[in-house]
Amino acid sequence: MQVYFDNSATTRVSKNAADKAYRIMTEVYGNPSSLHSLGIKAEAELTSARKSVAKSLGADEREIYFTSGATEANNLALFGTVESRKRTGNKIVTSAIEHSSVIDACKRLENMGYEVVYLKPRDDGRISETDLQNAVDENTVLVSLMAVNNETGAIQPYNAVKRIIKQKNSPALFHCDCVQAYGKLMIKAEKIGADLLSVTAHKIHGPKGVGAIYIKRGTRIIPQHYGGEQESKIRPGTQASALIGAFGCAVNEIDYSAINHVAEIRDYIKTFVETLDRAYINSPKDALPYILNVSIEGIRSETMMHFLASREIYASSGSACAKGKQSHVLTAMGLSKQRTDSALRLSFSRLSTMEEAEYFCRVLKEGTESLVRK
Ligand code: PLP
């Protein structure tokens with residue numbers, strides 16, 4: 001049995017999405033900017049996908065711009081807004097547990113002279129509203145807070161950000177990295193008060209290399225690329241029409257009700273892990289059920305991952321981008337080195353099954369017993 005519990009790194013592309021990409025690549029292959037009928041048909045595919053993404057976020061289709069993924073969307077949100085607001089202020093508030101595409105962009109902005117506040121999470125992995133309230137001020141031009149953390153599944157107080165910005169009389173815009181929440185929690189851009197929001201296709205059974213940024217109408221943003229007129233000049237360059245078409249397909253297949261099935265799988269594994277010696281659950285109780293982060297102290301993540309992989313079980317030690325480096329998320333939560341060194345991130349999808357969970361638990365127990373002895 002092959003068990004794929006690394007869905008927060010990426011998901012299997014759905015058949016409809018893959019078929020759509022193939023059809024666009026081989027039949028509707030015109031350049032969406034071309035004026036002949038093949039171009040017009042390709043443009044229609046973009047429009048249809050844009051409508052799907054817009055609808056899923058409760059947005060207008062003119063507020064959706066396709067990018068190469070969420071890394072690009074996050075970079076555009078950060079660099080594009082602060083550059084347009086230089087005279088307003090120079091402070092950015094974010095968290096210490098953001099994805100590296102936000103953290104590293106913020107580090108660059110610090111080098112450029114911006115002041116960046118990286119809020120630390122509480123020990124449950126959540127950023128506190130009080131800390132947000134204390135950090136946001138009249139000099140803050142941007143608050144960037146993710147909706148769900150990609151290592152622990154901790155749901156962040158994204159619903160409170162706009163209210164805090166208003167309370168503090170701050171000119172700040174709110175950017176929300178919704179990559180791990182998208183398609184799982186019902187996120188509507190306007191409802192959560194986001195001015196900018198990033199999503200990516202490959203975490204929702206779409207292809208890698210395509211994502212989107214929502215930019216609320218009227219929000220000024222300086223493009224970070226220059227070239228053609230595509231994506232209203234916000235993101236020029238020939239659109240990846242096949243990937244975008246497939247993205248639209250994956251969005252149409254979002255199933256919010258799958259969260260119940262995923263929660264059963266997560267609960268089964270969590271209950272089992274709690275029976276093991278020296279095992280800890282690093283995800284908070286009220287985390288998004290799609291992610292479960294655990295540590296079995298004394299067994300290094302890599303060692304356990306290799307053991308699991310030898311039985312065709314695929315999980316990860318943390319963010320795929322960190323490639324085995326110590327997790328900045330678990331460290332920021334104040335977890336001991338022993339616990340961060342042994343962290344395993346299990347991440348599920350609507351395709352995960354209870355049989356896989358049972359097999360995983362059997363193999364995990366076997367691994368725990370044999371590896372601890374070594
Ligand atoms: N933000 C979060 C929270 C993520 O988990 C990821 C992917 O791992 C990204 C951003 C980057 O997305 P992409 O792979 O589309 O660049």
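These legends accompany four close-up views of a predicted model.

The model is predicted, so that local features need pLDDT of at least 70 and side-chain atom pairs count only at pLDDT 80 or more, whereas totals for chains, interfaces and linings use all residues. Residues are numbered from 1 along each chain as its sequence is written, and side-chain values use heavy atoms, with hydrogens and water left out.

**View 1. Helices α3 and α4 at their crossing.** The axes of helix α3 (residues 70-84) and helix α4 (residues 100-111) come within 9 Å and cross at roughly 30 degrees, axes being lines fitted to C-alpha atoms, for helices over the stretch in contact, with angles running from 0 to 180 degrees between N-to-C directions. Helix α3 is therefore roughly parallel to α4, a term for angles under 35 degrees. Helices here are DSSP runs (H or I, at least four residues), as are strands (E, at least two), numbered from the N terminus. On the α3 side, Thr71, Asn74, Asn75, Leu78, Phe79 and Val82 meet Ser101, Val102, Ala105, Cys106, Arg108 and Leu109 of α4, where contact means heavy atoms within 4.5 Å. The residues of this contact divide into 7 nonpolar, 4 polar and 1 charged; Ala, Val, Leu, Ile, Met, Phe, Trp, Tyr, Cys and Pro count as nonpolar, Asp, Glu, Lys and Arg as charged, and the others, Gly among them, as polar.

**View 2. The surroundings of histidine 175 in strand β6.** Strand β6 spans residues 173-177 and contains histidine 175, which is buried at a relative accessible area of 0% (buried means under 20%, exposed over 50% and partly exposed in between, with a 1.4 Å probe and protein chains only). Not counting residues up to four places away in sequence, the contacts of histidine 175 include Asn74, Leu78 and Val102, residues that also take part in the meeting of α3 with α4.

**View 3. Cysteines without a disulfide partner.** A search of the whole structure finds 0 disulfides, a disulfide being a pair of cysteine sulfur atoms within 2.5 Å. For cysteine 106, the nearest cysteine sulfur is that of cysteine 176, 14 Å away. Cysteine 106 is buried, with 0% relative accessibility, and cysteine 249 is likewise buried, with a relative accessible area of 16%.

**View 4. Serine 52 in helix α2.** Helix α2 covers residues 37-56 and includes serine 52, a buried residue with a relative accessible area of 11%. When its neighbours within four places in sequence are left aside, serine 52 is in contact with Gly248, Val251 and Asn252.

Definitions and conventions
Parallel < 35°, antiparallel > 145°, perpendicular 65-115°, else oblique.
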